[in-house]
Amino acid sequence: MKGVFTLNSNAHAAGNSKSVTVIGLGPMGQAMADVYLKRGYKVTVWNRTSSKADELAARGAVKASSINEALAANELTVISLTDYDVMYPILNPASEHLSGKVLVNLSSDTPEKVRKAAKWLSDRGASLITGGVQVPPSGIGKPDSFTYYSGPKEVFEAHMKDLEVLTGTDYRGEDPGLAMLYYQIQMDIFWTSMLSYLHALAVAGANGISAEQFLPYASATLSSLSTFVEFYTPRLDAGKHPGDVDRLAMGFASIEHVVHTAEDVGIDIALPSAVLDIFKRGMENGHSGDSFTSLIEIFKKSSAARP
């Protein structure tokens, strides 16, 4: 995935005086702490399961004995947890130590939960920069990786060089929920696309086609999607869905064939059937002769109908 970002690969050479605290030492937190150490940072680490910090401590990290000690060590703290809910029981007992601190939370959650967390921290005198990391742990420290960020601009800019040690930075704006919004809509595309790949591969396998044999064809199809996205973007922004290039009724028939192809070889049809149902709803709403992009109106109606 590409973003507009910068990465200063020569920043913070070994031997400088930069320092950071890393809270949460799962695979992502471990990778971040490791990169900071390699870039010459003094790194303080803390994890609820203390033993997860042992390997980093052996490589030079300072293993904090408490969350209070971890926060007190540095102005900047990078957090990598399962979600934002996990943050509160960790930080709440240390609320008096949050004033003046900058917390960069790289955990995944919803934009609304991020905004709530920003207020919670602000009420305790701390600043929150939220991030959506667009790479797995193996991509941390790599020049082609990037992370969405949002929150107070001055605070972000003051610590941008520290964050560029981890990945390139793509600052999305002051609203703390924006980085997470961009992250989640990217995940919407990613997981849906990858699940469709797995389903197609299951059908291929049932017909004697291996993943290796299917690879060039799957890659070509996925690569072509950017061309379609570029073509439809101005039409979608204009709210227009003419059936001059494709028609929803054609797409419905195509998806029906996908369902039957899977069904014929005993492959689960839940995924393509869900897609077929969306196409059917579009046709029932009078879009048969429109482009498949008219289905965005179906998605919008579903959203508006929620209590």
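Helices (H or I, at least four residues) and strands (E, at least two) are DSSP runs, numbered from the N terminus. The model is predicted: local features need pLDDT of at least 70, side-chain atom pairs count only at pLDDT 80 or more, and totals for chains, interfaces and linings use all residues. Residues are numbered from 1 along each chain as its sequence is written, and side-chain values use heavy atoms, with hydrogens and water left out.

**Exercise 1.** Locate Leu181 and state how accessible Leu181 is.

*Solution.* Leu181 lies in helix H7, residues 178-206. Its relative accessibility is 35%, so Leu181 is partly exposed (buried means under 20% relative accessible area, exposed over 50%, partly exposed in between; 1.4 Å probe, protein chains only).

**Exercise 2.** Describe how strands S7 and S8 are paired and connected.

*Solution.* Strand S7 (residues 146-150) and strand S8 (residues 168-173) run parallel and are joined by five bridges; two strands pair if DSSP finds at least two bridges between them. Within this pairing, Tyr148 is opposite Asp170 of S8. Together with helix H6 (residues 153-164), S7 and S8 make a right-handed β-α-β unit. Right-handed here means that, with the strands pointing away from the viewer, the path from the first strand over the helix to the second runs clockwise.

**Exercise 3.** Analyse the salt bridges of Asp170 and Glu164.

*Solution.* A salt bridge is a side-chain nitrogen of Lys or Arg within 4 Å of a carboxyl oxygen of Asp or Glu. Asp170 meets Arg172 in such a bridge, at 3.0 Å from N to O. Asp170 is buried at 5% relative accessibility, whereas Arg172 is partly exposed at 30%. Glu164 meets Lys161 at 3.6 Å, N to O. These two residues are three apart in helix H6, which means that about one helical turn separates them. Glu164 is buried, at 2% relative accessible area, and Lys161 is partly exposed, at 40%.

**Exercise 4.** Which parts of the chain does the salt bridge between Asp34 and Arg59 link?

*Solution.* The whole structure holds twelve salt bridges. In the one between Asp34 and Arg59, the closest N and O atoms are 2.8 Å apart. The pair links distant parts of the chain, 25 residues apart: Asp34 belongs to helix H1 (residues 27-38), and Arg59 to the loop between helix H2 (54-58) and strand S3 (62-63). Asp34 is buried, with 17% relative accessible area; Arg59, with 38%, is partly exposed.
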